[in-house]
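Notebook open, and a structure I have not looked at before. I'll jot down what I look up as I go.

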Amino acid sequence: MSLLNNAVDSIQVGVEDFDMSDDRRNSSAIRNIFAGILLLYKEKLCRLSPEHDKELLIKKKIRPVINEDGELEFQGNGHNTVDVQMIKELFQSLKVTVDWKRFNEVNKLRNDLEHYYTAKSPDTVREIVSKSFLLIRDFTTNELEENPVSLFGEDCWKSLLNVADVYAKEESKCKESLERIDWTYSAVATILVNLRCNSCHSSLIFAPYEDDTYPIINLTCRSCDNDFCFDDVISDCVKESLYGDYVRSVMDGGESPYETCPECQESTYIHDEECCIKCGYTQEYTHCDNCEEKLSLDEQILDGRCSYCQHKWEKMMAE
């Protein structure tokens, strides 16, 4: 059986599990749909492989050999196939288009669902299915040049289409409610993309009162009806949104985009805003009184001196 047939079967089985509306089948549904997406990607690599070995590009190890005609060619070595990172690298060099941002989001949601949220997150499951549908539709049509309705069957495709349509409409209403709120800081608009319910992890978050005063913004989860406040989840949003920038910056020897606020002790001090976006704390001392060096949050306790000048002052006092 070909990879394409396996991909179709896996996605169809996943959709059938999802259509059963049984929370116990959620993990199985998502696993099968996600596995099907990866098989679609491997099918593309097979189609791009040379005629002498149509599975060459899906092999994890490839070695150069001299064939019987004395010519150099590449052969797959072993039975292991490429992983996600290798697929990304191959697609980049082969100019194969995938919305990797959406793929990464689906993959993270899939991991979170299996470890934390399975039983109580029906709309998280719908979100994954909806975003998976977009990945499947675009890749099948644009890269495999297949008709998705014919490939997956009318029943399967109709189910995927309905889920995506319903979820998109609900998501649009939630986004419109959030856009009516005055979020005070420009950085908050960036982190809102990672706003999720602190009970069921759904992204379908509705703001019922547009005249709420930041940061006490009342929110309602349209999935589980949980009422909570933006103030309760702001730190999680910051970490989810900026942690990748933090890692890259630290690896490059730069400054983290956020830090723990010395006032409220939350990870919500945003350097671009020069304040804590939760409690509004700003630095009392911005530059050293002696050398005019820019002061860090950690140096606020030194009463206007930088660490170096404080050390010199302490040394002088000791003498």
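I started with I62 and asked which strand it belongs to. I62 sits in strand β1. Note to self: this is a predicted model, so everything below is read from a prediction.

Next I checked the accessibility of I62. Buried, exposed or partly exposed? The relative accessibility of I62 comes out at 39%, so I62 counts as partly exposed. The cut-offs I leaned on are under 20% for buried and over 50% for exposed, with partly exposed in between.

Then I looked for what I62 belongs to on the surface. I62, I66, L72 and F74 make a nonpolar surface patch of about 410 Å². I also looked up which elements give two or more residues to this nonpolar patch, and I noted β1 (59–66) and β2 (72–81).

Pockets came next. What volume does the largest pocket have? I wrote down about 1,400 Å³. The largest pocket is lined by 39 residues, and the closest to its centre are E105, V193, N194, L195 and R196. I then went through the elements that give two or more residues to that lining: they are α4 (100–117), α5 (122–142), α7 (154–179) and α9 (230–251). Which of the elements gives the most to the lining? That is α4, with nine residues.

On to the sheets. I found an open sheet of three strands in the order β3-β4-β5, and its pairing is antiparallel. The edge strands are β3 (205–206) and β5 (227–229), and each of them pairs on one side only. I followed the pairing of strand β4 (residues 218–221) with β5: it is antiparallel and runs over three bridges. For one residue pair I looked up T220, and its bridge partner in β5 is D227.

There is another open sheet to log, formed by three strands in the order β6-β7-β8, again with antiparallel pairing. Why is one side of β6 and of β8 left without a neighbour in the sheet? Both β6 (258–259) and β8 (275–276) stand at the edges and each has a single partner strand, so one side of each has no neighbour there. I checked how β6 meets strand β7 (residues 269–270), and they pair in the antiparallel sense over two bridges. Last lookup of the day: which residue of β7 stands opposite Y258? I found I270 there.

Terms used
Residues numbered from 1 in each chain as written. Predicted model: local features only at pLDDT ≥ 70, side-chain atom pairs only at ≥ 80, totals over all residues. Heavy atoms only, no water. Patch = residues over 30% accessible without salt bridge, like charges linked within 9 Å, V, L, I, M, F, W, Y side chains within 5 Å. Areas by Shrake-Rupley, 256 points an atom, 1.4 Å probe, with all protein chains shown as cover. Salt bridge = Lys/Arg side-chain N within 4 Å of Asp/Glu carboxyl O. Helix = DSSP H or I, 4+ residues; strand = E, 2+ residues; numbered from the N terminus. Buried < 20%, exposed > 50% of the residue type's maximum accessible area, 1.4 Å probe, protein only. Pairing = 2+ DSSP bridges. 1 Å grid on protein atoms, 1.4 Å probe; cavity = no way out; pocket = protein on both sides within 12 Å on 5 of 7 lines; lining within 4 Å. Points joined across faces, edges and corners; volume = space filled by probe spheres on them.
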